[in-house]
Amino acid sequence: MALLPYALTRPFLFSMDPEAAHELTIESLARTQGSALKWAYASTAVDDPIELAGLTFPNRVGLAAGLDKNARCIDGLGAMGFGFVEVGTVTPLAQPGNPKPRMFRLPQANALINRLGFNNDGLQAFIANVKQSDLYQRRVGGRSGLHSMLLGLNIGKNAATPIERATDDYLICLDGVYTYADYVTVNISSPNTKNLRSLQSDAALDALLGALSERRELLAQKHGKRNPIFLKIAPDLDADQVAVIAQTLQRYGTDSAGQVNNAWGVIATNTTLSRDAIKGMAHAEEAGGLSGAPVLAMSNKVVSQLRSALGKTFPIIGAGGIMSAQDAVSKIKAGADAVQIYTGLIYSGPALVKAAATLIKKTF
């Protein structure tokens, strides 16, 4: 049970520049995660295991990528009761991201806009941080529990890499993170890297998934494990675009008999470029991806479309707009197997993790 109510911390954090508050939070988690001070935010994880993509998720509530881009706080975030934590997005080389300011709060809408642009310290620093985590050290020492938290590693391309060579960056990252991940997420849906979302189109997506599938088989032979790969897509897709993505995923994620092979999954969704829900609000016209409450309905719609197209057993993780336990339940009802939280953690604090996991367990 967390000792420090988030209601006491939030006014202080919200009085700061959003990115400065983010950096302070990450630094605080990194410093306290190995100490008794972690009880300020720690909570017992809800035991509600689910089999998904060949993995056992301890419960259905995870952390979305973007909060911990450099994998510095795996243990601290895990202590909040998540069943799985996803860190990144990491790129082959370190890059600063877009110019500041690049993160904006919209409290009226329980939302954020960010245009960070995959700012991170690069693949080698990322891997070093993963290896230093207690989660990884326990696994190396054979001390991980039966239902220990799962770790997702999210990969992307450098801004300077031409889009026609994007696959090279994803393969470099897949090679680097593979042995340390329970699953790998391929981020092709951030709106803050030029032309990245074009990889969601039919031919480009097929080429990318084909290359990653081929490399994954080589890595599986080398490391003795076959990690599932999740594709993270945007909410700004029409029905035809979702159908194309679903068809491509089915080609690689099912066998000749049409049975799910646990090789691929999908995370729906990333942030949106739409501003319909926040017109007239301060910062509404800032460039970047909008997250938080305004994304819930859009994300749920894409989840529902994917479930209809992909069938009952294809792995789907729902992300976007989960600000309450009820929101998490709505995403499962839309068709997701599990959910991820990011902006909801900023607005509601760590208590949201246990509340969501508890209500999901009670409801399903």
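Helix H1 (6-14), helix H2 (18-32), strand S5 (103-106), helix H11 (343-348) and helix H12 (351-363) each contribute at least two residues to the lining of the largest pocket. Helices (H or I, at least four residues) and strands (E, at least two) are DSSP runs numbered from the N terminus. The model is predicted: local features need pLDDT of at least 70, side-chain atom pairs count only at pLDDT 80 or more, and totals for chains, interfaces and linings use all residues. Residues are numbered from 1 along each chain as its sequence is written, and side-chain values use heavy atoms, with hydrogens and water left out.

H2 gives the most to this pocket lining, with eight residues. The volume of the largest pocket is about 840 Å³. Of its 36 lining residues, Tyr 6, Thr 9, Leu 13, Thr 25 and Pro 350 are the closest to the centre.

The structure also holds one cavity of 30 Å³ or more. Strand S6 (111-114), strand S11 (289-292), strand S13 (338-341) and H11 each give two or more residues to the lining of the largest cavity. Ala 65, Lys 232, Asn 270, Thr 271 and Tyr 342 lie nearest the centre of this cavity.

On a 1 Å grid over the protein atoms alone, a cavity is a set of points where a 1.4 Å probe fits but cannot get out, and a pocket is an open set with protein on both sides within 12 Å along at least five of seven lines; lining residues have an atom within 4 Å of a point. Grid points are joined across faces, edges and corners, and a volume is the space filled by probe spheres set on the points.

| Space | Volume | Nonpolar lining | Polar lining | Charged lining |
|---|---|---|---|---|
| Largest pocket | about 840 Å³ | 26 residues | eight residues | two residues |
| Largest cavity | about 420 Å³ | twelve residues | 18 residues | two residues |

Thr 343 is found in helix H11. Thr 343 is buried (under 20% relative accessible area, 1.4 Å probe, protein chains only), at a relative accessible area of 5%. Its side chain makes a polar contact (N or O atoms within 3.5 Å, one able to donate a hydrogen and the other to accept it) with the side chain of Ser 291, at 2.6 Å. Leaving out residues up to four places away in sequence, Thr 343 touches (heavy atoms within 4.5 Å) Asn 110, Leu 112, Ser 291, Gly 292 and Met 323.

In the largest nonpolar core, which has 90 residues, Tyr 170 and Leu 306 touch the most other members. A second, separate core of 13 residues includes Leu 52, Ala 53, Leu 55 and Tyr 183.

Key:
Nonpolar A, V, L, I, M, F, W, Y, C, P; charged D, E, K, R; others polar. Core = buried A, V, L, I, M, F, W, Y, C linked by side-chain atoms within 4.5 Å. Buried < 20%, exposed > 50% of the residue type's maximum accessible area, 1.4 Å probe, protein only.
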